[in-house]
Amino acid sequence: MAPQFTLRVAIIGTLWVAFLSCSSGVLSFRATPVYIPATFATLFAYPMGVFLATILPKKKILSINLNPGPFHFKEHVLIYVMASCATGIPYGVDNVVAIRFKKFFGDSSVTFWNSLPWVLASQLVGYGIAGLFKRVLVKPKSMLWPKVLSQIAIFQAFNGFQTGADINSSFKLSRFTLFWIGFIFMFLYSFLPSYFASSLYAVSLLCLITKNKTWSLLGSTSPNTGVGLGSLTFAWDLANGFIYTPWHVIINWVVGIVFFHYIVTPYFAFINPLGAPELLPKYRYGNIPTYTESQWLNTSIPKLDYVQNINTATLFSKHGIPLQVARGHLLSADNSLNQTVYDANQPIYLSPMYTMYYLGSFFNITAVLTHFLVWYGSDILSKLKRAIWDSTEPDLDLDIHNELMLAYPEIPESFYLLFWCVLTLVAVLVCEWTPFQMPWWLTILAIFIGTLFTIPVGIIQAITGVQPGLNILCQLIPGLILPGNTIAVMCFKSLGHTMMVQALTLLSDLKLGHYMHINPIHMFTAQFVATVLASIFNNASVFYTMDHLTDLLDTDPQWNANEYQVFTNAAGIWGAIGPIRFWGPSSPLFPITSAILLGIFIPLIPYLLSKRYPSPTWSKINTVVIAYAGFHPSPGAFQVSFLTPLFLGYLGQHYLYRTHPRWWRKFYFVLMTAFDTGNAVALLAVSIFTFLGINLPSKSIYNTNVDYYCRNQTWDYV
């Protein structure tokens with residue numbers, strides 16, 4: 001049998017886990033975080049594996065075969081699985097940064113050592129539940145997991161896979177050659193918008209067409225300004241949002257962007273149905289004076305000469321003054337609400353885009369369950385009955401891969417259940433004995449919520465490639481139960497959301513192993529070991545960044561830790577202030593919560609229409625995806641997620657798919673993966689240049705504000 005989890009996998013996988021998790025920790029502080037994809041490791045893992053297969057002696061030490069023979073594609077897959085655990089930031093780390101970072105809570109009692117158990121517990125508890133849901137989310141052929149297909153493409157490119165279609169194909173170019181052509185091209189190209197001419201990072205067509213203040217504001221893409229209406233981007237890391245997404249999902253996404261970003265957000269900004277005050281602007285229109293906060297409040301300023309603060313994750317007072325969720329401001333020394341500061345500034349308001357963010361999030365709390373129940377409820381119920389009573393009735397939703405996987409021993413579901421119970425106990429102890437304090441019963445409730453939503457969210461992700469989160473629900477529940485307990489709310493949110501995400505991550509990898517016929521025991525081992533190592537390295541790199549890169553974080557607007565800012569402000573909303581005060585009937589934001597009720601009924605519309613007018617089109621209307629698109633990118637990030645991604649999505653997932661299907665099947669995912677990898681390597685190089693102080697001359701466009709066209713023509717930075 002072919003080698004799988006070998007010593008070579010352990011060595012190469014560990015090296016890449018260390019590198020990717022450390023780089024992710026540092027890059028997570030960017031305004032728009034850029035994470036090096038696991039395909040970057042896949043790119044170099046192949047020659048590293050071949051090299052070790054050449055130099056390692058062919059003998060055993062302590063029953064470990066040092067060199068079982070030529071480097072095998074299954075080893076390549078397991079290295080990728082390990083690397084994928086280190087891409088991005090564990091959600092538990094957000095708690096660490098929010099509490100420890102001086103910009104937020106500034107609690108120096110949080111250390112690397114007492115935060116590591118929290119990160120590990122929140123990352124691992126979801127793995128147990130994944131195995132219990134494998135029959136529902138991995139084995140059925142209808143559970144496609146679209147993004148897994150792109151991963152398979154790169155293994156085909158590197159390991160010389162040939163199908164009958166390939167042998168008879170008129171396209172003589174190999175996948176391997178195409179990958180390197182695409183990689184080199186995108187690596188060189190990415191330096192243009194990211195280093196030499198950042199004015200190409202975001203191009204506002206409205207700012208080029210008109211100098212009208214309102215239209216220019218809406219067209220602006222920069223943080224704290226507009227919604228990016230009619231904007232383009234020439235940066236691949238912002239343009240690649242739809243390249244792996246099925247066309248019908250792209251259409252849902254586009255509907256969501258148009259409705260939430262281009263209709264709802266301007267409605268909140270200009271019609272102002274919630275009665276928000278004039279938010280203290282960060283940008284001013286034209287050559288007019290800058291005013292202090294007291295002057296803004298106490299003098300007659302021509303407010304129309306200023307632009308609104310539309311795209312920001314900041315909280316605002318009743319006077320429109322920005323508020324900080326930090327000690328000495330909204331928080332007291334024990335991280336509870338500073339009642340004096342709150343009383344002087346309440347009611348609290350949000351920017352228009354932040355309001356829209358919560359509108360879509362509230363909708364999805366109930367829409368996920370409604371969509372799941374009406375479209376997949378009966379089918380899942382029958383699968384669960386078959387799984388529980390081990391029915392001999394054949395499951396028509398199984399494919400040939402299920403038969404091939406019978407060659408490997410399956411991990412018993414009892415093991416997954418035991419693993420889940422043990423890690424639940426560990427999580428309870430961690431939350432009791434570390435600074436991430438949460439009552440034991442609240443810890444269990446968070447794990448229960450994450451478990452409950454794993455199947456509904458997993459089905460949506462397996463079919464559409466979109467993963468709705470539990471962020472809002474996992475803040476609402478503890479906020480109602482323990483109002484004012486900021487730390488407990490943050491921890492409940494991270495634990496409940498993370499355990500579901502980690503369960504789905506393992507399920508996605510199990511689907512990859514299902515397609516590639518990898519031993520499930522080896523797959524679980526790779527995932528578990530890599531997650532433990534990534535948590536250690538990631539946590540260490542975050543502490544290093546907070547303690548040693550303070551100058552960069554304090555002065556460079558592209559390193560404003562926006563994702564952590566959103567997380568911390570949410571802690572202020574749901575924890576310190578509490579949902580009753582912030583969203584309750586006495587709050588001006590109360591109407592936003594009506595979206596929870598809408599999420600129950602609106603997803604029923606396409607389902608009922610499908611019964612009245614039968615057509616497969618109705619099942620492709622996904623209101624969860626539409627709402628999800630409404631809060632991505634998050635407020636405070638660059639807003640260029642429409643025209644360029646839509647064009648690339650149409651080109652790849654509709655035009656090429658329909659007109660050149662043979663080329664698409666053989667080359668499309670390989671080329672897109674090559675572009676992603678080349679772009680990631682280039683961005684890593686640019687980040688290294690920045691750290692080393694290797695910048696272009698001061699007159700270079702590189703040194704201008706990213707939103708170059710709007711700033712130079714209409715407003716100046718205050």
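A residue counts as buried when its relative accessible area is under 20%, as exposed when that area is over 50%, and as partly exposed in between. This cut-off is used at several stops below. The model on screen is predicted.

**The whole chain**

Start with the protein chain shown as a cartoon. It contains 31 helices and nine strands. Of its 718 residues, 60% count as buried. Among contacts with a separation of 6 or more, 82% are between residues 24 or more positions apart.

**Aromatic pairs**

Next, show the aromatic side chains. The structure holds 49 aromatic pairs. Select W16 and F44 for one of them: this pair is stacked, with 6.2 Å centre to centre and 20° between the planes. The two residues are 28 residues apart and link distant parts of the chain, with W16 in helix α1 (residues 7-27) and F44 in helix α2 (residues 38-55). W16 counts as buried because its relative accessibility is 10%. F44, at 32% relative accessibility, counts as partly exposed.

Now select Y267 and F268. Their ring centres are 6.0 Å apart and their planes stand at 55°, so this pair is tilted. Is F268 buried or exposed? Its relative accessibility is 13%, under the 20% cut-off, so F268 counts as buried. Y267 has a relative accessible area of 38% and is therefore partly exposed.

For a larger group of rings, select Y354, Y357, Y358, F362, W574, F582 and W583, which form one aromatic cluster. Then add R581 and Y342 to the selection: R581 lies over the face of Y342, at 5.4 Å from the ring centre.

**Two helices that cross**

Select helix α3 (residues 73-84) and helix α22 (residues 520-548). Their axes come within 8 Å and cross at roughly 35°. The crossing of α3 and α22 is right-handed. Show the side chains where the helices meet: on the α3 side these are L78, V81 and M82, and on the α22 side H522, M523, A526, Q527, V529 and A530. Seven of the residues in this contact are nonpolar, two are polar and none is charged.

Stay at this end of the sequence and select H517, in the loop between α21 (486-516) and α22. Phi of H517 is near 60°, a positive value in a residue other than glycine.

**Helix α29 and the loop before it**

Move to helix α29 (residues 643-659), where H654 is found. H654 has 18% relative accessibility and so counts as buried. Which residues does H654 contact, leaving aside its neighbours within four places in sequence? They are W247 and G649.

L646 is also placed in helix α29. With a relative accessible area of 22%, L646 is partly exposed. Apart from neighbours within four places in sequence, L646 is in contact with F242, W247, I250 and V254. Select I251 as well: L646 and I251 are 395 residues apart in sequence, and 8.8 Å apart in space from C-alpha to C-alpha.

Step back to A637, in the loop between α28 (623-630) and α29. A637 is buried, with a relative accessible area of 4%. Its C-alpha atom is separated by 8.4 Å from that of T221, 416 residues apart along the chain.

**A glycine in helix α24**

Select G572 in helix α24 (residues 562-577). G572 counts as buried, because its relative accessibility is 1%. Leaving aside neighbours within four places in sequence, G572 is in contact with V325, I577 and G578. For a distance to display, choose the C-alpha atoms of G572 and N485: these residues are 87 residues apart along the chain, and the atoms are separated by 9.7 Å.

**Backbone details**

The last two stops concern the backbone. Most residues other than glycine have a negative phi, and most peptide bonds are trans.

Select W145, in the loop between α6 (134-137) and α7 (146-159). Phi of W145 is near 55°, a positive value in a residue other than glycine. W145 counts as buried, at 2% relative accessibility.

Finish at Q346 and P347. What kind of peptide bond joins Q346 and P347? The bond is cis, with omega about 5°. P347 is in the loop between α15 (339-345) and β8 (349-350).

How values were computed
Residues are numbered from 1 along each chain as its sequence is written. This is a predicted model: local features need pLDDT of at least 70, side-chain atom pairs count only at pLDDT 80 or more; totals for chains, interfaces and linings use all residues. Side-chain values use heavy atoms; hydrogens and water are left out. Rings of Phe, Tyr and Trp (its six-membered ring) pair if their centres lie within 6.5 Å; planes under 30 degrees apart count as stacked, over 60 as edge-to-face and the rest as tilted. Helices (H or I, at least four residues) and strands (E, at least two) are DSSP runs, numbered from the N terminus. Buried means under 20% relative accessible area, exposed over 50%, partly exposed in between (1.4 Å probe, protein chains only). A charge sits over a ring if NZ of Lys or CZ of Arg is within 6 Å of the ring centre and within 35 degrees of the ring normal. Axes are lines fitted to C-alpha atoms, for helices over the stretch in contact, and angles run from 0 to 180 degrees between N-to-C directions. A crossing is left-handed if the near helix is turned anticlockwise from the far one by less than a right angle, and right-handed if clockwise. Contact means heavy atoms within 4.5 Å. Ala, Val, Leu, Ile, Met, Phe, Trp, Tyr, Cys and Pro count as nonpolar, Asp, Glu, Lys and Arg as charged, and the others, Gly among them, as polar.
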